[in-house]
Amino acid sequence: MSLTPDAATNVARVLSEALPYIRRFRDKTVVIKYGGNAMVDEELKQSFARDVVLMKTVGINPVVVHGGGPQIGSLLERLGKESQFVSGMRVTDSETMDVVEMVLGGLVNKEIVNLINRHGGSAVGLTGKDGDLIRARKLTLDACGDVGDAIDIGHVGEVESIDASVVDMLVHGDFIPVIAPIGVGEDGRSYNINADLVAGKMAEVLRAEKLILLTNTKGLLSKEGELLTGLTTVRVDELIADGTIHGGMLPKIRCALEAVRSGVVSSHIIDGRVKHAVMVELFTDEGIGTLIR
């Protein structure tokens, strides 16, 4: 069945619009944090994999960092272990950490790798333990939920340093790295690290062109519910100060902001519930979600 003239014109327009972006981002690195609905909805999973493979095919270097909180919670429930959270962070004892490593480093990571490979890519799965990729330090909270010394939440960490040698080797070997956010401390213990944080730090170290964070919202919204985009770091600081940015969006915005201040050209918070969200963000004039420069 052939396209109608209008449909053919629309396809040609989209392809023509994508061309300057393909040229602009060729040989550039784009770090993508993959999580939320895009990881559990079958159609969205397929569209994400196709987007990543397309990026690599046209000469862009995608690096994927993924989460897996719902999958961890589901397995813990099946094992009869109750999940506990403090300030949105999972309390992670040794037994829970074993499950985290099994789910993030095994089940979820290999599912993403397999999905990308089935769509024509060459993905390789990593955790922060591989090639001494992510060095972690233990994260503790005080009674108010701020970083401090009072509450021990177990094997939860933050990034101390990243040695991206193994990622560089894979990227230049035409592979797509898929990274589970597990780090190792000086004590040799494994630590579960927030995937947004790992993605932001990875983008900094790799001097990425873009950091893209997939979320379950349209992006950053104003107090009136309108999408905000094209933001500068100064404007983001103002929105944090006046309370527009709050709650669960605050850590993501801070991660995106820190990446831009550390040399990443731009950060994007986009709606992972939209099919081909990554491709729309990269290759169209309008984009999708919130852009921070």
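This tour visits the internal cavities of a predicted model.

**Overview.** Before making any selection, note that the structure holds two cavities of 30 Å³ or more. The tour takes the largest cavity, then the second largest.

**Stop 1: the largest cavity.** Select Ala38, Leu44, Ser47, Phe48, Asp51, Leu214, Gly272, Val274, His276, Ala277 and Val278, which line this cavity. The space they border has a volume of about 50 Å³.

Next, colour the helices α2 (42-57) and α9 (277-283), each of which contributes at least two lining residues. Which element gives the largest share of this lining? That element is α2, with four residues.

Now colour the selection by residue class. Seven lining residues of the largest cavity are nonpolar, three are polar and one is charged. Asp51 is the charged residue, while Ser47, Gly272 and His276 make up the polar group.

**Stop 2: the second largest cavity.** Clear the selection and pick Tyr34, Met39, Lys45, Glu111, Ile112 and Leu115, the residues that line the second largest cavity. Its volume is about 40 Å³.

Display helix α4 (residues 94-118) alongside this selection. Three lining residues come from α4, the largest share for the second largest cavity.

How do the residues of this lining divide by class? Four are nonpolar, none is polar and two are charged. Lys45 and Glu111 are the charged pair, and the nonpolar residues are Tyr34, Met39, Ile112 and Leu115.

**Final view.** Show both linings together: α2 provides the largest share for the largest cavity, and α4 does so for the second largest cavity.

Definitions and conventions
Residues are numbered from 1 along each chain as its sequence is written. This is a predicted model: local features need pLDDT of at least 70, side-chain atom pairs count only at pLDDT 80 or more; totals for chains, interfaces and linings use all residues. Side-chain values use heavy atoms; hydrogens and water are left out. On a 1 Å grid over the protein atoms alone, a cavity is a set of points where a 1.4 Å probe fits but cannot get out, and a pocket is an open set with protein on both sides within 12 Å along at least five of seven lines; lining residues have an atom within 4 Å of a point. Grid points are joined across faces, edges and corners, and a volume is the space filled by probe spheres set on the points.
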